[in-house]
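Colleague: I should like to learn how to read the features of a structure. Please take me through this one step by step.

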Amino acid sequence: MTEELRVTVDRRGNGAVLYTRGYINNVGGEEIANRAYELMDDGVTTLLLNLRETKIVNSIGISILIEIIEKMMERGGKIAFCCLTPVIQKTFQIMGLAQFSTIYPDEDTAKCELPLA
Amino acid sequence: MLSAEKFNHFLRDVEALGRGALRGENPLTSQAEVILSAFVRHTGAAGGAVYMHRDTPAGYQLVVKSDLITAPDTFDGPVPLDVVDRSIDDSAVILCPLSAAMTPHADTLVPIRQSKEHFGLIALARHREEGVPDLELLRAASNYVGALISNQRMATEVKEGEFQLKYRLWELESLYDIGLSIASTLNLEQLSDEILIRTLSLLNTRSAALFLRRDKRFFLHRAFGEVRNEFLDDEINADQSARIAAGEVLQFDSGADCIFPGCHSLIAIPIQSERGVIGVLAAADRELREGGIGPFTQNDVRLLSQFGTQVAIALENSRLHREALSKQEMQRELEVAATIQRDILPRSLPQIPGFELATISRPARQLGGDYHAFFERDGVLSICVADVAGKSVPAAILVSAFHAAIQLLMDEGRDLGEIATELNRHIHKWSAENKFITLVLASIDREAGIVRYVNAGHNPPYLVFDGKAHALQSHGLPIGLMARSRYSVQTARFPAGALLAVYSDGISEAENPDDDEFGSERLQQMLVDHDAAPCPAIAERIAQAVEDFAAGLSQKDDQTMILVRTQA
């Protein structure tokens, strides 16, 4: 299991895909938030978070993800997630993230529906 | 009279507060800046400062001030309940220590409050030449800002409450899911990962480790985060070791530096099954929502203990599953070995003119240590009954080796004594020290009416004729016992119609529930009594008699017998 969270970005016009690898906790969540806010400030309005290599999320990580979603919504943008483990997907549903973001099974499906050309 | 137009202008200026859009790095400062700017602008004040109430001894803390104003960082009240201005009520202004502490002194104090709750204070200093500010506007603005802040705080509390509610639901769901998930994971490695993932997310910790019991120590099986030692016992003292082994929870609230190098808070719970404490689940550094690390709460201890109960069940299931798989695998291997051994033993009796034959072959287990074989060469029938010391797999392996050797040697048509001597040398060389084989090798020459035999430490075969059972006594050590043993052939008369019974001790030493043995005398008597019957019938009666004698007691040793009668 990977411990420290690593984020890589694939910028696509006004959109971007964020790939996370590792534990989304307080530290990991802040790392994602920093990258997401940088992208938003740079004009990104569609953000897809690919969590394929993330197996663990704690409640603090979730609260940070909610803040990112709120911030993007205030700007009229959209956040989506893909490649969630069943445990993380259920967690997102219970904690309400699924109400304000779209969850796709895989990146290809997400790219078909989101403006990530 | 409040001017609607002025108030509308003021509302436009504080519109950003109503939208709740001030979410920068420091939302409170942004809010205070908007408030101060609106109040200064609409009162024509020279400047001012905004203080917000804190639950600290200092009371009110400076959040923002105009550049021209000098103001203390904190003050502890009292603050007026209503808007006060020096020109109207100088004493009310002076009563608040802030007014004199500011430079220039504050002329107008505007409390920010809602009902009995005080949120803060706006202190304004006006230009000397200016007159009395519009107090009605200030009151309306003060009420409006108080209501806005109150609403925002309520919204935040509702949001936080909703989050906590969802989080509790998630905890409950997690505990339920964990039960299902880990109970269906039988692979120990996958199960361990699942346990650590759930521990980390359930308790918001940065590290977690699973230790499993090996004899009296707990060794590290899986960890998330750097772990200092392979054994838990090396990280805690003897008293703590004893306590956790007795099922007690260990908790360190700060400066733990235990298990995980440099960790602050740590909790370690015993994983208890019916076999006692089978492992320890440790988690360290519980993250706080406001940032940093905090101590574990009683709720954390309760959650992890509940989780530990499910982990214990899952680990036990996994262990039992592994054991069952191992047994299944062993059973499959035994079945293969049993098939091989069955192929070693004769599948049917050879049809040799002038000889009537019958056998009893009943292994006590899947794999037997008894062996028998028939050989025919130029009308002479040779038989072998052998008994390998020991049982099951080790005995079966030696039976296989013995089978290969005797088949090769008998094919060469050598003297039985030479064959036994060669077998002894071969088995002694290649088998374990305590392994040996007793055997009877016999060749019956019907034409000559004699039997040549070698008895290497085996039960004496019986040759039955003239109403008597004649024993063919052993005259050599068991095969494989001594490297230099040599065997010579013995000869005995074998009259036409005589019956030869060669058997293993599983028959003569079969026991009943009273620990009595079937015995060689009873066997001899049966052979004599049923001498007139065909060989298969005699074999059947002896087998039945042995079984009846055992009276349901399970067979302890392999049972083998060859019956040979020559026909006239």
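**Reading the contact between two chains**

Modeller: Let us begin where the two chains meet. Between chain B and chain A, seven residue pairs are in polar contact, both residues having pLDDT 80 or more. A polar contact is a pair of N or O atoms within 3.5 Å; within protein, one must be able to donate a hydrogen and the other to accept it, and residues adjacent in sequence count only if both atoms are side-chain atoms.

Colleague: Which elements of chain B each supply at least two residues of the side that touches chain A?

Modeller: They are α6 (135-183), α7 (188-203) and β7 (205-214) of chain B. With eight residues, α6(B) gives the most to that side. Such helices (H or I, at least four residues) and strands (E, at least two) are DSSP runs, numbered from the N terminus. By kind, the residues on the side of chain B that touches chain A are nine nonpolar, six polar and 12 charged. Here Ala, Val, Leu, Ile, Met, Phe, Trp, Tyr, Cys and Pro count as nonpolar, Asp, Glu, Lys and Arg as charged, and the others, Gly among them, as polar.

Colleague: On what kind of model do these values rest, and how are its parts labelled?

Modeller: The model is predicted: local features need pLDDT of at least 70, side-chain atom pairs count only at pLDDT 80 or more, and totals for chains, interfaces and linings use all residues. Residues are numbered from 1 along each chain as its sequence is written, chains are lettered from A and ligands numbered from 1 in the order in which they are written, and side-chain values use heavy atoms, with hydrogens and water left out.

Colleague: How is the size of an interface expressed?

Modeller: It is often given as the accessible area lost when the parts come together. In this case chain B and chain A bury about 2,300 Å² between them, and 60% of that is on carbon and sulfur atoms. Buried area is the accessible area (1.4 Å probe) that two parts lose on being put together, summed over both. The contact (heavy atoms within 4.5 Å) takes 27 residues from chain B and 26 residues from chain A.

Colleague: How many salt bridges are counted between chain B and chain A?

Modeller: In general, side chains of opposite charge can pair when their charged atoms come close. The rule for a salt bridge asks for a side-chain nitrogen of Lys or Arg within 4 Å of a carboxyl oxygen of Asp or Glu. Between chain B and chain A the count is zero, while over all chains it comes to 33.

Colleague: Where in chain B do B:K166 and B:E162 lie?

Modeller: Both lie in helix α6 of chain B, four residues apart, about one turn of the helix. Their salt bridge has its closest N and O atoms 3.5 Å apart. B:K166 counts as buried at 17% relative accessibility, whereas B:E162 is partly exposed at 41%. Buried means under 20% relative accessible area, exposed over 50%, and partly exposed in between (1.4 Å probe, protein chains only).

Colleague: Which parts of the chain does the salt bridge of B:E316 and B:R275 tie together?

Modeller: B:E316 lies in helix α9 (residues 298-344) of chain B and B:R275 in the loop between β10 (266-273) and β11 (276-287) of chain B, so the pair ties together parts that are 41 residues apart in sequence. The N to O distance of this pair is 2.9 Å. B:E316 counts as buried, at 13% relative accessibility. A network of salt bridges links B:R275, B:E316, B:R319 and B:E323.

Colleague: Is B:N455 buried or exposed?

Modeller: B:N455 is buried, with a relative accessible area of 0%. This residue belongs to strand β17 (residues 450-456) of chain B. The side chain of B:N455 reaches the backbone nitrogen of B:H458 at 2.8 Å. Beyond neighbours within four places in sequence, B:N455 is in contact with several residues, among them B:L439, B:P460 and B:H475. By contrast, B:A496 is exposed, with a relative accessible area of 58%, and is found in the loop between β20 (490-493) and β21 (499-503) of chain B.

Colleague: How do the chains appear as wholes?

Modeller: Chain B has 14 helices and 22 strands, and 49% of its 568 residues count as buried. Chain A has five helices and five strands, and 55% of its 117 residues count as buried.
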